[in-house]
Amino acid sequence: MSGAMSWPFLRLYILVLLYFSANAILNVIIPLQGESLGASSTTIGLIMGAYMFTAMFFRPWAGHIIQKRGPIKVLRFILIINGFALILYTFTGLGGYLVARILQGVSTAFFSMALQIGIIDALPEKDRSQGISYYSLFSYIPGIVGPVLALWIWQTGSMDYFTVVLIGIAVCTGIFGYTAKMDKSKEQHPAGYPSEQNVSLAQSFRQLLQNPFLFRCSLLMLSASIVFGAITTFIPLYASQLPSGKAGIYLMLQAGTVVLARMLLRKKIPSDGRWHAPFIMGTMFLLAIAALCVSWAITGGAVLLYVGAILMGIAQSILYPTLTTYLSFVLPQLNRNVLIGLFIATADMGVSLGGVLMGSVADLSSYSFMYMICAILGAVMIAFAYERRKPVTDMSVG
């Protein structure tokens with residue numbers, strides 16, 4: 001195997017799988033535990049959203065610091081923070097959960113930036129989309145088994161298994177992460193090319209609004225992530241309102257679809273620096289229909305819920321790697337890492353808002369109505385993804 005599936009990259013993907021295994025369990029346990037302790041949907045959404053909100057805050061600085069200190073030093077330090085956060089879950093209540101989510105957010109901001117920047121810089125242009133797809137794929141694989149394991153732990157009525165599993169994940173991730181290696185690409189900064197460190201973060205922040213490519217991709221990712229966040233946070237509670245709906249089955253179907261679609265569609269994701277409007281509009285259409293199916297499941301039954309899971313999984317598998325790969329071509333090389341960090345930060349913000357804002361909507365109305373709002377948001381973004389004029393692909397633009 002070579003390229004995106006060579007052994008050095010496989011090691012990184014396995015590390016991603018281990019790192020995100022805990023979240024697949026926590027995404028189910030925290031809402032259920034919160035509800036059992038009498039917390040409102042808004043409070044649960046706040047705790048869940050703190051993870052991505054913190055990651056969003058630190059993401060723009062992550063690329064800058066990684067560029068300066070090196071990915072390996074940063075990776076080893078943040079794995080210690082992540083391990084402490086996972087252990088914190090095992091002996092605290094909702095207040096401790098909030099602190100742990102914040103610590104996880106800090107470590108995830110640097111972890112994902114270090115690996116994704118390394119993949120983009122090390123792979124040739126033709127393999128970039130595959131590398132990003134595999135990274136995202138391995139981050140979703142735990143979602144196939146994790147929800148079922150979490151529900152089993154919850155149904156046992158004892159959190160001892162929860163403690164053992166989280167400590168085991170923390171230890172395994174730390175050991176594997178400390179043995180990982182990342183060789184900096186020799187072509188990352190050609191001789192005489194300006195250093196990314198010379199570009200101020202303030203200048204990079206302005207690009208979020210001034211760069212049309214970054215603005216469009218960020219708004220699409222923000223909107224889609226609000227839907228993803230609302231699904232992840234509240235599906236364990238919403239599914240319990242359905243006569244035959246099971247949150248574990250939904251999350252397994254969604255994660256399994258992401259994994260399968262990433263494997264089957266990895267070569268279909270554009271990697272040429274062009275804006276493929278029909279492709280992206282179709283993805284947003286799938287997202288809107290998926291949210292609509294979830295909303296209607298309260299009257300239509302579990303079949304609609306599971307159809308929504310499959311469609312949501314397809315949309316998730318396509319959107320993020322497509323937009324990230326496109327930006328890797330059209331953003332200016334001088335501060336590309338920081339700008340991609342800003343883009344990923346919008347995804348983090350969306351997931352956070354999906355928990356906090358949509359939790360408030362659910363408190364004021366119902367989960368079904370809240371998911372209907374998500375469907376409308378996805379439908380609006382279909383029009384925003386439309387591009388009539390010929391796209392500019394010059395990497396110096398922006």
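Ser352 is buried in this predicted model, with a relative accessible area of 4%, and its place is in helix H13, which covers residues 336-364. Apart from neighbours within four places in sequence, Ser352 is in contact with Gly49, Met52 and Phe53. The protein around Ser352 has 14 helices and zero strands, and 57% of its 398 residues are buried. The points below treat the whole chain, then single helices and residues, then the surface and the confidence of the prediction.

**Overall architecture**

- Read from start to end of the sequence, the pattern of the protein is α-α-α-α-α-α-α-α-α-α-α-α-α-α.
- Among contacts with a separation of 6 or more, 85% join residues that are 24 or more positions apart.
- The protein exposes about 16,100 Å², and 68% of this area is supplied by carbon and sulfur atoms.

**Helix H3 and its cover**

- Helix H3 runs over residues 71-89 and has 19 residues; at 1.5 Å a residue it should span 27 Å, and the distance of 27 Å between its end C-alpha atoms agrees with this.
- The buried residues of H3 include Ile72, Val74, Leu75, Ile78 and Leu79. Others among them are Ile81, Asn82, Gly83, Ala85, Leu86, Leu88 and Tyr89.
- An α-helix has 3.6 residues a turn, so residues three or four places apart point the same way.
- The buried residues of H3 are covered by elements including helix H1 (7-36), helix H2 (41-69), helix H4 (94-122) and H7.

**Helix H13: a buried and a partly exposed residue**

- Leu357 also lies in helix H13. Ser352 counts as buried because its relative accessible area of 4% is under the 20% cut-off.
- Leu357 has a relative accessible area of 47% and is therefore partly exposed, as the value falls between the limits of 20% and 50%.
- Along the chain, 127 residues separate Leu357 from Ala230, while their C-alpha atoms are separated by 8.9 Å.

**Buried residues in helices H9 to H12**

- Ala224 is found in helix H9, residues 212-238, and is buried with a relative accessible area of 0%.
- Leaving out neighbours within four places in sequence, Ala224 is in contact with Met284, Leu287 and Leu319.
- Ala224 and Met381 are 157 residues apart in sequence, and the distance between their C-alpha atoms is 8.5 Å.
- Ala261 belongs to helix H10, residues 247-265, and counts as buried at 9% relative accessibility.
- Between Ala261 and Ile318 the C-alpha distance is 8.0 Å, although the two are 57 residues apart in sequence.
- Ser295 lies in helix H11, residues 277-300, and counts as buried at 2% relative accessibility.
- When residues up to four places away in sequence are not counted, Ser295 touches Tyr238, Ser368, Tyr371 and Met372.
- Thr325 has its place in helix H12, residues 302-330, and is buried with a relative accessible area of 1%.
- In sequence Thr325 and Ser271 are 54 residues apart; in space they are 6.3 Å apart, C-alpha to C-alpha.

**Nonpolar surface patch**

- Ile87, Phe91, Ile167, Val171 and Ile175 make a nonpolar surface patch of about 470 Å².
- Helix H7, residues 160-178, gives the most to this patch, with three residues.
- Val171 is found in helix H7 and is partly exposed, with a relative accessible area of 46%.
- Helix H7 thus appears in two settings: H7 is part of what covers the buried residues of H3, and H7 contributes to the nonpolar patch.

**Confidence of the prediction**

- The protein has a mean pLDDT of 83, and 89% of its residues reach 70 or more.
- The pLDDT is below 50 over residues 185-199, a stretch with 26 contacts in the model beyond near neighbours in sequence.
- Residues 391-398 also have pLDDT under 50, and the model gives this segment 21 contacts beyond four places in sequence.

Methods:
Residues are numbered from 1 along each chain as its sequence is written. This is a predicted model: local features need pLDDT of at least 70, side-chain atom pairs count only at pLDDT 80 or more; totals for chains, interfaces and linings use all residues. Side-chain values use heavy atoms; hydrogens and water are left out. pLDDT is the predictor's confidence in each residue, from 0 to 100. Contact means heavy atoms within 4.5 Å. Patches are made of residues with over 30% relative accessible area and no salt bridge: like charges are joined within 9 Å, nonpolar side chains (Val, Leu, Ile, Met, Phe, Trp, Tyr) within 5 Å. Accessible areas come from the Shrake-Rupley method with a 1.4 Å probe; for residues, only the protein chains shown count as cover. A salt bridge is a side-chain nitrogen of Lys or Arg within 4 Å of a carboxyl oxygen of Asp or Glu. Helices (H or I, at least four residues) and strands (E, at least two) are DSSP runs, numbered from the N terminus. Buried means under 20% relative accessible area, exposed over 50%, partly exposed in between (1.4 Å probe, protein chains only). The expected span of a helix is 1.5 Å times one less than its number of residues.
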